[in-house]
Amino acid sequence: MRLVACIVALALLSPAVSEANDSPSFRPAKAHAVVAKKKKRKRCRKHRWVRVRRHGHFIKRHGRYVRVRRCAPARKRSTATTPAPPAAQGPSAPGFTVGMVSGPAPAWEAGLMPSLHPRMVRFEQSIDTPASKLADNVGGMAARGTEVIPMASFYGRVPSTSEAQGLASWAKAYGPGGTYWQNHPGGQYAMRYIEFGNETNQSYQFNCGPGCSGYKARAQQYALRARDAAQAIQAANPNVKLLAIGEDANCDCSDWVDGMFSAVPDLNRWIGGWTLHPYGPKQRYGPILNQLVKDTTKHGDTTLPFFATEYGISTDNGRCVNKNYEWPLCLSYAQAGANLVAAVNDMHATYPRLRAIFIYNQRDGAKSGSTTSYEGFFGAMQNGGAPKGAYTTAVQSLLAAFRG
């Protein structure tokens, strides 16, 4: 009888033990006791309750899920450290960009024509302008999500060494990580390039073009001052690069580039790219770009990017203009827009070194119908900021498609 009673007692005790140790495991109670002892040795400081799963399903008893305590691994305490400031980003190699050329007050023009919203804007600033005078335009455009390329101008002359070196103050203030951005938002749109001069290689500013006696000397002096500027900029902020003129002045010759490299044989090591203004249809822009490829390759440069800092088509919606760089003189807005899109797409596809094209310019310089001068009607918008129909739409499509 005592043996029978013991067996019955053990039978009644088994479910209770099983319930108390409910888990996915089917080990006997003794095995559970061993595991429990091992867990105690781990000195678990924190527990968590988890549902019991059996045969792929959570177990319920009396309508509630069965839960057991599990040891939760303690989180390692991290020592609070001051994070290092992010490294300033230098001129990257972005994708192909279509930007705009603005007048000398780009922030004001952006307010007049908000529908354009270019990724990059090029604007003119005299080379002797103090850095503080650029704040409104650089900061104002950054607030609109636009990066600027200031073109340091010196019309009809080559700047002095001190003027060239003074561009370092622009880079120090407004380049990536510059002093201006320490107290102002928009540092992600910091200035990465400075363009050195506008069409100094052309004849109209000096009454002297390719072939004249002073042309080579001008190219040499330009290259020397470009190196001065580039070295000073690099010392002040290595994340800003100088862009130098590389165009052949429409002579199908290498006089300008040869002259520069005769004075500074390693000029391509100091600058960040070459600029050109390849106005016109393919029969005109093709030879200009081909010559730049040929001339720079001749002097050992096959990698520096090209920046077409001016390109556009004059149109007053069918009214004839007196010149148009081999485009028809009486283009409608629709015709000019279609030609512009085709030309930009072709240049982008044909010349892999072409980094950016800046459409000249944001608004017409003259009111519609007021003159026949081609200079008055290169704008993406009319003089007062009104759209130019299909031409404005074409420019907007390029700005949206190619944002770097």
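Which residue is the bridge partner of threonine 275 in β13? I began my notebook with that. The partner is phenylalanine 307. I should record at once that I am reading a predicted model.

**Entry 1: the whole chain**

I looked up the overall make-up. The protein has 12 helices and 14 strands. It runs to 404 residues, and 47% of them count as buried. I then turned to the contacts with a separation of 6 or more. Residues 24 or more positions apart account for 71% of these.

I noted one example of two positions far apart along the chain. Arginine 355 and phenylalanine 96 are 259 residues apart, yet their C-alpha atoms are separated by 5.0 Å. Arginine 355 belongs to strand β14, residues 354-359. Its relative accessibility is 17%, so I wrote it down as buried, the cut-off being under 20%.

**Entry 2: around β12**

I went back to threonine 275. On the other side of the pairing list, I found isoleucine 245 with threonine 275 as its bridge partner in β12. That fits the strand pairings. β11 and β12 pair in the parallel sense over 3 bridges. β12 also pairs with strand β13, residues 306-311, again in the parallel sense and over 3 bridges.

Next I checked the two faces of β12. Gly273 and Thr275 are buried on one side. Trp274 and Leu276 are buried on the other. Both faces are covered.

**Entry 3: β8 and arginine 122**

How many of the 7 residues of β8 are buried? I found 5, so the strand is largely enclosed by the rest of the structure. β8 pairs with strand β7, residues 97-101, in the parallel sense over 2 bridges. One of these links valine 101 to arginine 122 in β8.

I stayed with arginine 122. It sits in β8, which spans residues 120-126. Is arginine 122 buried or exposed? Its relative accessibility is 4%, and therefore it counts as buried.

I looked for what its side chain meets. A polar contact of 2.9 Å joins it to the side chain of glutamate 310. I also listed contacts beyond four places in sequence. Among them are Met100, Val101, Ser102, Glu195, Asn198, His277, Thr309, Glu310 and Phe358.

**Entry 4: the open space**

I looked up the largest pocket. It holds about 790 Å³ of space. Its lining has 39 residues. Which of them lie nearest the centre? I noted Asn198, Glu199, Glu310, Tyr360 and Glu375. Glu310 is also the polar partner of arginine 122.

I sorted the lining by class. It has 16 nonpolar, 13 polar and 10 charged residues. Then I sorted it by element. α3 (106-112), β8 and β9 (147-153) each supply at least two residues. β8 gives the most, with 3 residues.

**Entry 5: the closed space**

I searched the whole structure for cavities of 30 Å³ or more and found 2. The largest cavity holds about 60 Å³ of space. Its lining includes Glu195, Asn198, Glu199, Ile245, Thr275 and His277. So I met Thr275 and its β11 partner, Ile245, once more. By class, this lining has 2 nonpolar, 6 polar and 3 charged residues.

Asn198 and Glu199 turn up in the cavity lining, and they are also listed close to the centre of the largest pocket.

**Entry 6: helices**

I turned to α8, residues 255-263. Trp256, Val257, Gly259, Met260 and Phe261 are buried there. What covers them includes α7 (215-236), β11 (241-245), α9 (267-270), β12 (273-276) and α10 (282-298).

α6, residues 167-174, is mostly covered, with 6 of its 8 residues buried. These are Leu167, Ala168, Trp170, Ala171, Ala173 and Tyr174. I added a reminder: an α-helix has 3.6 residues a turn, so residues three or four places apart point the same way.

My last look was at aspartate 228, in helix α7. It has a relative accessible area of 12% and is buried. Its side chain makes a polar contact of 3.5 Å with the side chain of threonine 161. Beyond four places in sequence, aspartate 228 is in contact with Thr161, Ala164 and Gln165.

Notes: Residues numbered from 1 in each chain as written. Predicted model: local features only at pLDDT ≥ 70, side-chain atom pairs only at ≥ 80, totals over all residues. Heavy atoms only, no water. Helix = DSSP H or I, 4+ residues; strand = E, 2+ residues; numbered from the N terminus. Buried < 20%, exposed > 50% of the residue type's maximum accessible area, 1.4 Å probe, protein only. Polar contact = N/O pair within 3.5 Å; in protein donor to acceptor, adjacent residues only side chain to side chain. Contact = heavy atoms within 4.5 Å. 1 Å grid on protein atoms, 1.4 Å probe; cavity = no way out; pocket = protein on both sides within 12 Å on 5 of 7 lines; lining within 4 Å. Points joined across faces, edges and corners; volume = space filled by probe spheres on them. Nonpolar A, V, L, I, M, F, W, Y, C, P; charged D, E, K, R; others polar. Pairing = 2+ DSSP bridges.
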